[in-house]
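Hi there,

Here is the structure I promised to pass on. My notes on what turned up follow straight after it, with the cut-offs spelled out as we go.

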Amino acid sequence: MSTTILPPGAVSPKSVAKAAPMPDILATRSPPKGFVGYLWRHPTIAVGGFLLLVMLFIAVFAPWLWTKDPTALAPVMRTRNPSAAAWFGTDMLGRDVYSRVLYGARVSLIVGFGVAFFSSVIGLFIGLVSGFVRWADSIIMRIMDGLMSIPSILLAIALMALTRGSVGNVILAITVAEIPRVSRLVRGVVLSLREQPYVDAAIASGTRTPVIIWRHILPNTLAPMTVQATYICAAAMIAEAILSFIGAGTPPIIPSWGNIMAEGRALWQVKPYIVFFPAIFLSITVLAVNLLGDGLRDSLDPRLAKRV
Amino acid sequence: MFAYIVRRVLATIPVMAIVALFVFSLLYIAPGDPAAVIAGDQATPADVERIRASLGLDRPYLIRFGEWVWRILQGDLGTSIFTNLPVTRMIAQRIEPTLSLMVVTLGLAIAIAVPLGVIAAWKSGSWIDRLVMVFSVLNFSVPVFVVGYLLAYYFALQLDWFPVQGYTPISEGVGRWLQNLVLPAVALGGGYTALIARITRATMLEVLQQDYIRTARAKGAGQRTVLFLHALKNAAVPIVTVIGIGVALLIGGAVVTESVFAIPGLGRLTVDAILRRDYPVIQGVILLFSFAYVLVNLLIDLSYTLFDPRIRY
């Protein structure tokens with residue numbers, strides 16, 4: 001390594017002599033630009049997004065995808081193995097598992113997106129209050145500490161045991177359990193942003209707090225919140241399946257993946273397909289959302305990408 | 001040091017108080033009339049009133065809370081609506097299988113995850129690193145009960161290596177006890193293992209860049225000594241922290257794993273209590289699990305000084 005220190009602007013005579021044109025060993029191919037280029041650089045977003053779109057398509061167009069009425073009983077057709085007539089077989093009441101699984105995508109996605117949305121909005125609000133109102137901060141954070149000490153699925157179970165099973169109540173129960181995580185994240189971001197020179201400058205020039213929040217704080221919480229929201233969405237879909245599976249979730253009349261598995265549980269040693277088809281769909285959907293989350297994290301925060 | 005331990009232990013009291021307050025208040029903040037929900041659809045108005053009185057919903061909130069806390073401090077978690085047995089006795093009958101499952105899972109997860117994470121960090125960017133990362137993403141995404149059914153179907157039903165379901169108390173022999181717990185522990189520990197492996201890898205990557213690692217290599221320390229003695233020791237604090245936080249995953253997952261593998265533990269008790277709408281039992285189990293979780297994390301906090309002598313309080 002050359003260690004001669006040259007004054008700024010000076011050119012070492014050796015380096016001039018060496019500066020022969022580089023041979024094009026690696027032909028630089030210009031990478032794809034625009035949206036395609038973005039997906040090209042972040043394959044996890046492409047794969048996760050694609051799988052999620054497929055699931056969304058299934059959920060929205062379930063009635064037109066060669067399904068039957070998912071709640072129609074057919075006692076004569078009980079527990080038939082998968083065949084041309086019933087692609088995923090039938091359950092112990094003769095209902096078509098294929099139709100039930102496809103309709104089940106609706107519940108999972110509604111719960112996932114619902115919980116992600118509501119816990120983000122409420123957590124954002126609590127986090128902002130906590131980060132800006134000093135006297136409220138320690139009270140709020142102690143409450144959040146307490147809430148986080150209750151394993152979230154148990155908190156949801158307790159809430160569901162006290163309310164009637166419905167999709168809305170499932171969303172509510174899981175949202176309550178997820179709020180502490182979001183509010184802690186937002187509070188952390190707010191506290192670090194408050195130390196930034198541009199926020200100091202804004203305060204010094206007399207900007208009112210709501211404007212500071214709107215212009216300087218909120219835009220910066222967007223990236224970490226988006227990443228967090230995808231993980232919450234994945235966690236919520238698993239939580240819904242768990243709640244329904246143990247009988248504390250959506251009412252049995254609504255076909256959700258957890259319910260289908262719960263109904264297949266008694267027969268799973270002889271008719272494993274009733275459990276496995278919804279299980280596969282659930283796993284793929286959660287995987288899709290997690291991949292999307294990983295990809296978003298890498299693309300929105302390149303510093304984190306190298307570490308975890 | 002001693003003063004720190006005392007302060008840290010005292011600091012858990014408000015957290016536990018908030019947990020208790022919240023678990024208690026659920027009865028009041030839940031939408032609708034909990035007494036009617038618990039009584040079920042076929043209940044007469046008299047039944048609803050009886051349950052309302054037995055839950056104390058007809059008396060002032062603060063007085064009720066005071067009495068309830070006082071009884072908990074005396075070791076009384078109330079009486080089950082369904083069986084009329086004390087909740088503490090019902091919990092005592094079911095605690096062994098759950099505790100066994102947790103301990104085996106914890107041991108298995110740490111034994112697999114930490115070496116995997118270390119190797120992934122050491123061979124960062126290689127196929128083994130990618131494999132560990134793929135394994136961890138998959139494990140995060142496949143829910144506990146799905147893994148449970150797959151394992152049970154293949155290893156118990158098809159290959160007949162393990163019993164399909166059930167539990168054998170440890171008093172009937174460690175071998176049989178363990179044989180029954182292997183599949184549930186692997187199913188339950190999946191996401192947890194992935195979590196620990198990921199954090200181990202990330203922390204080790206950072207530690208391996210430090211000057212003292214280069215010094216250790218320069219003085220001729222072997223690869224294994226550098227990785228496991230110099231690096232892992234310095235990476236211990238975040239790893240131990242995530243092991244503690246992740247226990248929440250195990251607690252939530254145990255409820256499901258126990259119903260998949262028909263293990264008669266606290267998880268089964270919870271599920272049965274949900275079906276019977278036996279709220280005092282649910283409340284008791286949640287309190288117990290939450291206190292256990294707070295306690296585990298307290299111990300983890302106190303263990304920091306063992307791993308990092310620089311941490312002085």
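Helices α7(B) and α8(B) run roughly antiparallel to each other, a label given to angles over 145 degrees (under 35 is roughly parallel, 65 to 115 roughly perpendicular, the rest oblique). Their axes cross at roughly 150° and come within 8 Å. Axes here are lines fitted to C-alpha atoms, for helices over the stretch in contact, with angles from 0 to 180 degrees between N-to-C directions. The crossing of α7(B) and α8(B) is right-handed, that is, the near helix is turned clockwise from the far one by less than a right angle (anticlockwise would be left-handed).

Before going on: this is a predicted model, where local features need pLDDT of at least 70 and side-chain atom pairs count only at pLDDT 80 or more, while totals for chains, interfaces and linings use all residues. Residues are numbered from 1 along each chain as its sequence is written, and chains are lettered from A and ligands numbered from 1 in the order in which they are written.

On the α7(B) side of that pair, the contact residues include Val144(B), Leu151(B) and Phe155(B), which meet residues of α8(B), among them Leu183(B), Pro184(B) and Val186(B). Contact means C-beta atoms, placed from the backbone, within 7 Å. The contact of α7(B) with α8(B) involves eleven nonpolar residues, two polar and no charged. Nonpolar covers Ala, Val, Leu, Ile, Met, Phe, Trp, Tyr, Cys and Pro; charged covers Asp, Glu, Lys and Arg; the others, Gly among them, are polar.

A second pair in chain B is α11 (residues 247–260) with α13 (residues 279–307), packed at about 155° with axes 10 Å apart. That angle makes α11(B) roughly antiparallel to α13(B), and their crossing is right-handed. Here Val247(B), Ala248(B) and Ile251(B) of α11(B) meet Phe289(B), Tyr293(B) and Val296(B) of α13(B). The contact of α11(B) with α13(B) has six nonpolar residues, with no polar and no charged ones.

Overall, chain B has 13 helices and zero strands; these are DSSP runs numbered from the N terminus (helices H or I, at least four residues; strands E, at least two). The C-alpha trace of chain B spans about 80 × 55 × 40 Å along its principal axes.

How many residues of chain B are in contact with chain A? There are 44, against 38 residues of chain A. The largest share of the chain B side, eight residues, comes from α1(B). That side divides into 36 nonpolar, six polar and two charged residues.

Over in chain A, α9 (residues 209–245) has 37 residues, yet its end C-alpha atoms are only 47 Å apart, short of the 54 Å of a straight helix at 1.5 Å a residue (expected span: 1.5 Å times one less than the number of residues). A kink of about 40° lies at Ile217(A), shortly before Pro219(A); the bend is the angle between axes fitted to the seven residues ending there and the seven starting there.

Best wishes

Terms used: Two residues are in contact if their C-beta atoms, placed from the backbone, lie within 7 Å.
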